[in-house]
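Let's take a walk through this one together. Have the model open and follow along.

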Amino acid sequence: QQNRRPVDDFHGLSPEQMYQMLNFPFTSPELVRFPTVLDTEPSAPLLRLFSLMTEAFGEQGLKTTAKGNLPRQFCRESALTYWGDETYQERTRYGGINKEDDFSDLHITRLVAELAGLIRKYKGRFILSRDCRKLLAGHGLAAIYPKLFRTYVEQFNWGYRDGYPELRFIQSAFLFTLYLLRRYGDTWRPHTFYEDSFLRAFPAVLDEIPASPVMTAEEEIRNCDTWRTLVHFAGFLGLATVEPFSEERFYHQYRVKALPLLHQAVQFHLSG
């Protein structure tokens, strides 16, 4: 009975529900459901880049570089389309896009799409998989998004995108952050609200951080949680708007608000 009572630090979730969220997010239909096809065509930065790739691949595919990456010209053109002229000039001021890795969002999209089995390499070219063509023909991006979402959560290592310690637990707790966004995301809130909630719910995570002369364990957890969960996950996958309102050199501040796609892609069955 104790395990079924709501806990304040879990924002109304019980220990039993939290255990399910952390360990069985995709197999707990009594708590949450992830539709395999969305009701409407979704929009997200990840999907914009995926669409640019599928358009470029077409029927013939797109030739890979010698290292098996996307070609430089395509990366440059995609960055210009994705960012717009002004942001492109700003971001390439001190170094252009000479390889796929120089355009991180595109690089991550390509890796996740491959992990999801939506694109593959064949005879030196990137091509769309049979499964991808079938999904696009049947339901378009409404069927593609759930596959990219689940792959991003289950197979892609979030730590690959930043220089923070491994901290795999932050990725394991993705559903708790989405639960918070569903509960509180109707209004703008500072990113620190979500950092505070994460640390209150999981204080033991501080013990996973090795000693550092640069920042405290708490500072490192906070920065890592914001970048990985809010900016690179919720923002990149179109589940929330994560908008910078201060760009001090070493400390970015954001305000966060849920987007309609969150309610479509992640359907909670919880009161409150």
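What follows covers a hairpin, a helix pair and some aromatic rings. Keep in mind that this is a predicted model.

Start at the hairpin. Strand β3 (residues 119-122) runs antiparallel to strand β4 (residues 125-128), and four bridges pair them. One of the partnerships to look for is R120 in β3 with I127 in β4. Just two residues sit between the strands, and K123 in that turn has a positive phi of about 50 degrees.

Next, the helices. α6 (residues 130-139) packs against α7 (residues 141-154) with the axes 7 Å apart and an angle of about 135 degrees. Angles from 115 to 145 degrees count as oblique, so α6 and α7 are oblique to each other. On the α6 side the contact uses D131, C132, L135, L136 and H139, which meet L141, A142, A143, I144 and K147 of α7. Sorted by class, that contact has seven nonpolar, one polar and two charged residues.

Now for the rings: the count comes to 28 aromatic pairs. Take Y145 and F149, a tilted pair at 6.3 Å centre to centre with 35 degrees between the planes. They are four residues apart in helix α7, so about one helical turn separates them. Y145 is buried at 0% relative accessibility, and F149 is buried too, at 3%.

F174 and F233 make an edge-to-face pair, 6.1 Å centre to centre and 85 degrees between the planes. This pair links distant parts of the chain, 59 residues apart: F174 belongs to helix α9 and F233 to helix α11. F174 counts as buried at 2% relative accessibility, as does F233 at 0%.

Where do these rings end up? Ring pairs link them into a cluster whose members include Y145, F149, F174 and F233, along with W158 and F236.

Note on methods. Residues numbered from 1 in each chain as written. Predicted model: local features only at pLDDT ≥ 70, side-chain atom pairs only at ≥ 80, totals over all residues. Heavy atoms only, no water. Axes fitted to C-alpha atoms, helices over the stretch in contact; angles between N-to-C directions. Parallel < 35°, antiparallel > 145°, perpendicular 65-115°, else oblique. Contact = heavy atoms within 4.5 Å. Nonpolar A, V, L, I, M, F, W, Y, C, P; charged D, E, K, R; others polar. Pairing = 2+ DSSP bridges. Phe/Tyr/Trp six-rings, centres within 6.5 Å; stacked < 30°, edge-to-face > 60°. Buried < 20%, exposed > 50% of the residue type's maximum accessible area, 1.4 Å probe, protein only.
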